Every structure is written in structure tokens, then in C-alpha cells.
Amino acid sequence: MPELESQKGAGEFARAKVNLALHITGQRDDGYHMLDSLVVFPRIGDHLSATPSDKLSLEVTGPFSTDLEPQSNNNLVLKAIRRLSQAKNCAPPDINLSLEKNLPVASGIGGGSADAAAALRLLMRQPGFTLASEDIHAIALELGADVPVCLKQVAVRMQGIGELLSPLPSLPDFGMVIANPRVAVSTPAIFKGLQARNNPSLPDLPESFASLDQLIVYLRETRNDMQVTAEALCPAITDVLSEMDQHPETLLNRMSGSGATCFALCRCGDEKNLAARIQKSHPDWWVAFSDEL
Ligand SMILES: C[C@@](CO)(OP(=O)(O)O)[C@H](O)COP(=O)(O)OP(=O)(O)OC[C@H]1O[C@@H](n2ccc(N)nc2=O)[C@H](O)[C@@H]1O
Ligand SMILES: Nc1ncnc2c1ncn2[C@@H]1O[C@H](COP(=O)(O)OP(=O)(O)O)[C@@H](O)[C@H]1O
């Protein structure tokens with residue numbers, strides 16, 4: 001492994017993925033579901049950095065580190081590093097990776113996918129590890145359906161099983177609060193429990209969203225098709241949505257991904273107060289906010 005070009009402070013920020021809308025439009029023969037989703041990336045996330053070492057290793061710190069086995073070969077960060085090295089016919093690099101786990105695990109905001117994508121970006125910055133964008137996209141998809149969208153971390157429409165990414169009309173400014181009742185939800189269990197798998201696609205997108213009100217009107221015509229199943233399996237999701245509903249700042253609230261994290265959209269500037277009030281009512285929940293999406 002050539003000496004790391006960037007060391008302290010030059011890590012990767014692995015942003016949470018939030019599905020503003022998530023329609024399940026079909027199922028492939030291999031069982032994977034077809035999606036039509038609007039995805040955004042709030043400024044809330046994990047941090048991944050690397051320092052030279054005598055072998056490949058991973059340490060996990062941060063508030064949710066205890067929910068992951070620190071040395072596990074199943075960590076998506078290590079899987080991503082090994083898979084990209086294999087694609088380059090190189091031995092995995094001798095680095096110590098440090099993951100600050102700020103996002104709850106198995107929570108519908110793609111923390112593991114974001115970490116895997118961060119690991120790919122981090123390694124690709126090193127000489128000898130770059131790949132053409134279609135090749136890195138294919139590796140990302142092998143690691144997980146949500147990993148391709150996490151590579152670029154910009155707002156997009158996501159289709160296929162997660163591999164088809166297309167630009168969105170530019171979005172108005174808005175604030176976001178996300179809250180998780182600290183109950184892990186298994187993505188495969190929610191997919192398995194779906195009552196309907198052939199739902200309509202997203203309504204046609206306008207050429208632009210002139211205002212936040214227009215975006216909210218559009219989103220009210222959309223759904224998260226996993227929400228009913230997830231609420232039945234995890235009633236705490238309903239509690240989070242009801243709490244968000246009680247605050248006048250909330251313009252629209254919904255579950256992200258397969259849950260249990262829910263988001264509330266608000267006017268820019270309202271997010272900090274809204275988050276504080278939700279956290280005050282439920283000190284045991286994980287609550288975060290962002291004004292940049
Ligand atoms: C539901 C979504 C929506 O963005 O988000 P999360 O709840 O995970 O955040 C994603 O599609 C989750 O993507 P990801 O978590 O990467 O999925 P994978 O690891 O590839 O697969 C986990 C499990 O979900 C199922 N799966 C995943 C994606 C998909 N389009 N159809 C599926 O049926 C797979 O069959 C597998 O059993
Ligand atoms: N770095 C990681 N962060 C989170 N989860 C990980 C990671 N590596 C592997 N996993 C595994 O991936 C599964 C899905 O985690 P996660 O991506 O947090 O779920 P979700 O997409 O629902 O938010 C978990 O069961 C976890 O054990």
C-alpha cells in the first residue's frame with residue numbers, strides 16, 4: 001500500500017440516506033424489489049478515516065459503536081475495502097480504519113451503506129485504487145442495493161433495485177428532523193411482510209419546485225410503501241410519527257426506508273427547535289437535525 005496521501009482530518013463523511021418517498025413497484029425473479037424513491041442526504045452521519053498500519057483493521061467508536069461487532073469481517077467497511085482491492089488485483093491495504101458510528105444501526109437511513117460507500121471513496125483516493133465510475137457503481141451494488149446512491153450523497157431519484165439514479169429538479173431549502181425510537185428494524189423482514197408489491201410509480205416530477213409548499217404538495221401525493229408493515233411490526237414508529245404530528249413546525253412527516261427512523265420536514269431555521277422539543281418529550285429517542293440537504 002502506498003503511503004496514505006491524506007491522513008488526519010481527511011476522512012470521509014458518510015451521510016444518512018433519507019427516503020422522502022419510497023414506492024415499491026414490483027419484484028424481480030430473484031426476490032429483490034423494484035423501487036421508485038426520492039432520496040436526500042442530510043448533514044448527519046458517520047465519519048470514516050484511515051491511518052497506515054501493519055495490517056488491515058477496523059476500530060469502531062461513537063454512540064452506536066456497541067451495536068456493531070468491532071472486529072467483525074461482516075462490517076460493510078471491511079467488505080468494501082476487500083472487494084475494491086480484489087477488483088484491482090491488489091492485496092487489501094495495511095491501514096487502520098476508524099469508524100465513528102453516529103447513526104443508529106438497522107434504522108432505515110442506510111448507515112451501513114453510507115459507510116461502505118465512504119470506504120470505497122476513501123480507498124479510491126489512494127494511488128492504484130481508482131476505478132471507472134461504472135465499475136465502482138457495480139461493486140457498490142454488489143455490496144448492497146443502497147450503496148450506489150450513497151457513493152455521491154446527492155439528492156436523486158432512485159429506481160430499479162437501487163442502481164438507477166437520475167437527477168431531481170432542484171429542491172427548495174428546507175429543514176429536517178430525524179428521530180429513531182432506538183428499536184432496530186430488519187430490512188428483509190419488512191420486505192417479506194409487504195401486503196402489496198405492485199404499487200404505482202412516483203407521480204410525474206415537475207421541471208422545478210418553485211417553493212417548499214410546492215414540494216410538500218408533491219410529497220403528499222407520494223408514500224412510503226413499507227410504512228404500514230413496519231408500523232405493525234414496530235409500534236414505536238407510530239409513536240414517533242404522532243409526536244412529530246403534534247408540532248406546528250412539521251410540514252410533512254413519514255418513515256424513511258424500512259424504518260424505524262422517521263423524518264419531519266420544516267421551514268429552514270425551524271429544525272433546531274423542533275428537534276429540541278421532540279427530544280425533550282422523548283429523552284430516550286435518538287433525534288438529529290439538518291438544514292443542509
Ligand atoms: C429499503 C431501503 C430503501 O432505500 O433502505 P433501508 O431500509 O435499508 O435503509 C433499501 O432498498 C435497502 O437497501 P440495502 O439495505 O442496501 O439492501 P441489501 O443489503 O441489498 O438487501 C437487504 C435485504 O433487503 C432486500 N431488498 C433490498 C433492496 C431491494 N430493492 N429489494 C429487496 O428485496 C434483499 O432481498 C435483502 O434481503
Ligand atoms: N458499518 C456498518 N454500519 C451499520 N450496519 C452495518 C455496518 N456493517 C454491517 N452492518 C450490518 O448491516 C445491517 C443493516 O444496517 P444499516 O445499514 O444500519 O441498516 P439500514 O439501511 O436499515 O439503516 C445491520 O444488521 C448491520 O449489522
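Let's start with helix 9, residues 271-281, in this predicted model. What covers the buried residues of helix 9? The cover includes strand 9, helix 8, strand 11 and strand 12, the last of these being residues 286-290. The residues tucked away underneath are Glu271, Leu274, Ala275 and Ile278. If you look down the axis of helix 9, those buried residues fall within an arc of 100°, so they line one face of the helix.

Now turn to helix 8, because you have just met it as part of that cover. Helix 8 runs over residues 236-245, and its buried residues are Ile237, Val240, Glu243 and Met244. Down the axis of helix 8 the buried residues fall within an arc of 125°, so here too they line one face of the helix. Which exposed residues sit on the face turned away from the buried side of helix 8? Those are Ser242 and Asp245. The cover over the buried residues of helix 8 includes strand 9 (175-180), helix 7 (227-233), strand 10, strand 11 and helix 9. So helix 9 is part of the cover of helix 8, and helix 8 is part of the cover of helix 9.

Let's zoom out to the whole chain. The domain assignment gives domain 1, residues 12-166, and domain 2, residues 169-290. Taken over C-alpha atoms, the centres of the two domains are 22 Å apart. Where they touch, domain 1 puts in 25 residues and domain 2 puts in 33 residues. On the domain 1 side, the elements giving two or more residues are strand 2 and strand 3. Strand 2 has the largest share of that side, with ten residues. By class, the domain 1 side divides into 14 nonpolar, nine polar and two charged residues.

Next, the inside. How many residues does the largest nonpolar core have? It has 72 residues, and those with the most contacts inside it are Val77, Ala117, Ala119, Leu120 and Val177. Helix 2 gives the largest share of this core, eight residues. The core also draws at least three residues from each of domain 1 and domain 2. Take Ala119 as an example to click on: leaving aside neighbours within four places in sequence, Ala119 is in contact with Leu48, Val77, Ala80 and Ile81.

On to the ligands, and there are two to look at. Around ligand 1 there are 21 residues, and His33, Gly144, Asp146, Gly257 and Ser258 come nearest. Strand 2 (18-27), strand 3 (33-40) and helix 5 (187-193) each supply at least two residues of this shell. You may remember strand 2 and strand 3 from the domain 1 side of the contact. By class, the shell of ligand 1 has eight nonpolar, twelve polar and one charged residues. Why do we say that ligand 1 lies between the domains? Both domain 1 and domain 2 give residues to its shell, so ligand 1 lies between them.

Ligand 2 has 18 residues around it, and the closest are Leu76, Gly110, Gly111, Gly112 and Asp115. Helix 1 and helix 2 (111-124) each supply at least two residues of that shell, and helix 2 has the largest share, with four residues. By class, there are six nonpolar, eleven polar and one charged residues in the shell of ligand 2. Here, too, at least three residues come from each of domain 1 and domain 2.

Finally, a few backbone details that are fun to find on screen. The peptide bond from Gly259 to Ala260 is cis, with omega near 10°. Ala260 lies in the loop between strand 10 (252-255) and strand 11 (262-266).

Then there are two residues other than glycine with a positive phi. Asn89 has phi near 55° and belongs to the loop between helix 1 (76-87) and strand 6 (95-100). Gln153 also has phi near 55°, and its place is the loop between helix 4 (147-152) and strand 7 (156-160). Which of the words fits Asn89, buried or exposed? Asn89 has 6 C-beta neighbours inside 10 Å, so it counts as exposed. Gln153, on the other hand, has 21 other C-beta atoms within 10 Å, so it is buried.

Conventions:
Residues are numbered from 1 along each chain as its sequence is written. Chains are lettered from A and ligands numbered from 1 in the order in which they are written. This is a predicted model: local features need pLDDT of at least 70, side-chain atom pairs count only at pLDDT 80 or more; totals for chains, interfaces and linings use all residues. A residue is near a molecule or strand if its C-beta atom, placed from the backbone, lies within 6 Å of it. Ala, Val, Leu, Ile, Met, Phe, Trp, Tyr, Cys and Pro count as nonpolar, Asp, Glu, Lys and Arg as charged, and the others, Gly among them, as polar. Domain bounds come from an automatic or database domain assignment. A residue is buried if 20 or more other C-beta atoms lie within 10 Å of its own, exposed if 12 or fewer, and partly exposed in between; C-beta atoms are placed from the backbone. The arc is that of the directions from the helix axis to the C-beta atoms. Two residues are in contact if their C-beta atoms, placed from the backbone, lie within 7 Å. A nonpolar core is a set of buried Ala, Val, Leu, Ile, Met, Phe, Trp, Tyr and Cys residues joined through C-beta atoms within 7 Å.
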